[in-house]
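Biologist: I am new to this structure. Please show it to me, and then let me ask how each label is earned.

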Amino acid sequence: MFDFVRPPWYTESMIAQETLRILTESAKYDVSCSSSGSGRRNEGGIGNGMPDGCCHSFTPDGRCVSLLKILMSNDCVFDCKYCMSRRSVDVPRASATPEEICELTVDFYKRNYIEGLFLSSAVHISPDHTMEQLVRTVKLLRTRYCFHGYVHLKGIPKADPLLVSEAARYADRMSYNMELPSEKSLKLLAPQKDKESLLLPMRQLRRERDVFRAEKRKGAFLPAGQTTQMIVGASPEHDGQILRLTESLYRVTGLKRVYYSSYTPVVEDALLPAVQSAALREHRLYQADWLLRFYGFDVEELVPEEEDLPLDVDPKCAWALRNLHLFPVEVNRAPLEMLLRVPGIGGRSAQKILSARRYTALTFEHLKKMRVVLKRARHFITANGKFYGEKNTLAVRGLLAAGEREDAGARQLSLFDTPAALSAHTGEL
Amino acid sequence: MIYFFDGSKAAFLTAFLLAYRDEDALLTTGSHQLTLGQKSVFVRADAQKAARCEQRLLQFDEHCMRDLDLLLRSGEEMRGQTAFLYFRMIAARKRPVRGELAENAVADASECIRRVKLEAHRLKGFVRFMECASGALYAPLSPDNDVCDLLLPHFCARLPHIPFVLHDVRRAKAAVWDGAHSFLAPLGEAEIVLAADETAWQSLWRQYYASVNIPSRERIRQMKGYMPVRYWKFMPEDPSAAIGDLPFAARNASDAAAQDGAPHPRGSLQSPPAPRRP
Ligand code: SF4
């Protein structure tokens, strides 16, 4: 009944199963999964952007599958100690052609398996050669395959700045991964990279994006901005240092997101810890990051430079416990900024409270009915003058920590506010 | 008095007019068990009355019909009553009540609407198409709420040149895009001929799904929280196999979901159903 003819240029170059396995297994440790931030329109062809992002599946490790995360090649000339594709290890090597990547993307996309492509690569032959291959692929995907879905492109450090600019015309988002939170650790563990080789292109992209916007030029230039990723637990930096770097990256390079990845040992090396670092630490960093970006917190309020975030309670609870003189707040009067600082009250709950209290004086009963989670919040609020929490600080801390343990496993679900915040990495609280 | 209605908007509005002043009114679409002495009436849609009722309600709240549409799509047994209590409050207060979340009627309605929207949002990601030999795409789904046509604008915008069918197998209907028009149509059983390379793409996808998982960080509760088990059965990546193969029955969260079987991708997509504008 339908006659959809395949476009004549379609070459039917289906990637081999084994190549796919090799190129995706090495890409999976990049934790950035988001497909949000781009409203790219369909201009004939296939696909468009969904500004809120979209999760297509979830793997048993609880992570969302949104993009086809794949390397062009895992055959690397660099030798980063923490990486399973480093030059000095003996693993099966593979590379894919631009056509194979494009067809895989389009065929997965039209079956609604994915929201787009996350293309990365090991440094194959040279940084310039690798970057050229990446740019060629995305350009092909956009122009010949007419694909308007989401594309996240990983930048290769030390590649020609012209290639970087060209890439940005076709990708929705680019990222240069900091990987390690200090120059010293970078020198030790990723000897061919340095801070400047990562920061330079980031600054270049920010500058060019500003110009592009100021001049209202046609087309798109990284509509979803830039992100980066840091490995947590492979090197000795404290959470305080990591978050300060995060804050300055948001400020200086205008990054959209910083991702944190718990260190997982995939190769043995005397310079690296042999054990996986705690997933809970990664989670606390995401929570703190969320507080910085959306709740108006300052890094100084959260953790001193030479310390880690507490593990027993989340960073907002920890802050509230240090500032008990500010609590309890009356939900019928507190301004939005203060409601957002109450442990357990997230953006959605705060909005509900603001809306409902215009009509009536809210009681605890009302809050329950409105599905505001009170387990933590009750120690920090009064509703219509009534307080149902625990007054003793130590007891509160105990209760909050016990609540955390109960939640473990389903940790984020109770905090789940908007469907768009489905990512396991949001850290909203 | 119990007012039975067929779940349509017109029948609801007709019933609403009848029931508005009845303190003990219960509006329902289901098979409600009558207790002794309880009176009931089956309300048929009356186009004129419904239009009058709609006009009146729109004067109080210009967006309220959007809420009604979503409420009536809900798969919850009590949707009729939830909608009734919410609209009775709009009518009593003669203004929008949407923000008054401390009221039971509003809280229930807004929760019901949230669930319908959440499912539509989730399905934008969880729908899986198969490619037919003709090049058209076919996706079976079995949503809790009646949302398959809510997905049409989303997929039309991203696949404008590829005809596709979103088949709600539980309600035996389909939302169709033929490359030029979108419409809703009744569709019982679909027989489809798969494209020659469809199984190969599915197996590449299964390979991908297996490769990106990090087994040392297993968090199955979280996985199931984000992607409820009832959506798994039409996914070629077969998440249940990935976590150690559950028996098929256990994959269905609700009885209704257990009833509808997966269509067999064989034969041909028969007699295109007569177009009916939604
Ligand atoms: S550049 Fe470093 S991190 Fe990247 S693939 Fe090569 S060895 Fe691995």
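**Labels and their reasons**

Modeller: Let us start between the chains: the side chains of A:Glu115 and B:Arg158 meet in a salt bridge, at 2.6 Å from N to O. The model is predicted, so local features need pLDDT of at least 70 and side-chain atom pairs count only at pLDDT 80 or more, while totals for chains, interfaces and linings use all residues. Residues are numbered from 1 along each chain as its sequence is written, chains are lettered from A and ligands numbered from 1 in the order in which they are written, and side-chain values use heavy atoms, with hydrogens and water left out.

Biologist: Why is the meeting of A:Glu115 and B:Arg158 called a salt bridge?

Modeller: The term asks for a side-chain nitrogen of Lys or Arg within 4 Å of a carboxyl oxygen of Asp or Glu. The pair A:Glu115 and B:Arg158 has N to O at 2.6 Å, so the label holds. Between chain B and chain A the count is 5 salt bridges.

Biologist: Which elements of chain B give two or more residues to the side that touches chain A?

Modeller: They are helix 5 (104–126), helix 6 (152–158), helix 7 (198–212) and helix 8 (220–226) of chain B. Helices (H or I, at least four residues) and strands (E, at least two) are DSSP runs, numbered from the N terminus.

Biologist: How do you know how much area is buried between chain B and chain A?

Modeller: Buried area is the accessible area (1.4 Å probe) that two parts lose on being put together, summed over both. Here that is about 6500 Å², and carbon and sulfur atoms give 60% of it. In chain B, B:Arg158, B:Trp201 and B:Tyr226 lose the most area to chain A, together 14% of what that side buries. By contact (heavy atoms within 4.5 Å), 69 residues of chain B meet 77 residues of chain A.

Biologist: What makes A:Ser120 count as buried?

Modeller: Buried means under 20% relative accessible area, exposed over 50%, partly exposed in between (1.4 Å probe, protein chains only). A:Ser120 has 5% relative accessibility, so it counts as buried. A:Ser120 lies in strand 4 (residues 116–120) of chain A. Leaving out residues up to four places away in sequence, A:Ser120 touches A:Ile70, A:Leu71, A:Met72, A:Leu134 and A:Lys154.

Biologist: Where does A:Thr264 lie, and is it buried or exposed?

Modeller: A:Thr264 sits in the loop between strand 8 (257–262) and helix 8 (279–294) of chain A. At 11% relative accessibility, A:Thr264 counts as buried. Among the residues that A:Thr264 touches are B:Ser216 and B:Arg217.

Biologist: Why is strand 3 of chain A described as largely enclosed by the rest of the structure?

Modeller: 5 of the 5 residues of strand 3 (residues 67–71) of chain A are buried, so the description fits. A:Leu67, A:Lys69 and A:Leu71 point one way, A:Leu68 and A:Ile70 the other way, and all are buried.

Biologist: How do you know that strand 3 and strand 4 of chain A pair?

Modeller: Two strands pair if DSSP finds at least two bridges between them. Strand 3 and strand 4 of chain A have 5 bridges, so they pair, in the parallel sense. A:Leu67 stands opposite A:Gly116 in strand 4 of chain A.

Biologist: What order do the 5 strands of the open sheet in chain B take?

Modeller: The order is 4-5-6-7-8, and the pairing is mixed. Strand 4 (130–131) and strand 8 (182–186) of chain B stand at the edges, each with a single partner strand, so one side of each is left without a neighbour in the sheet.
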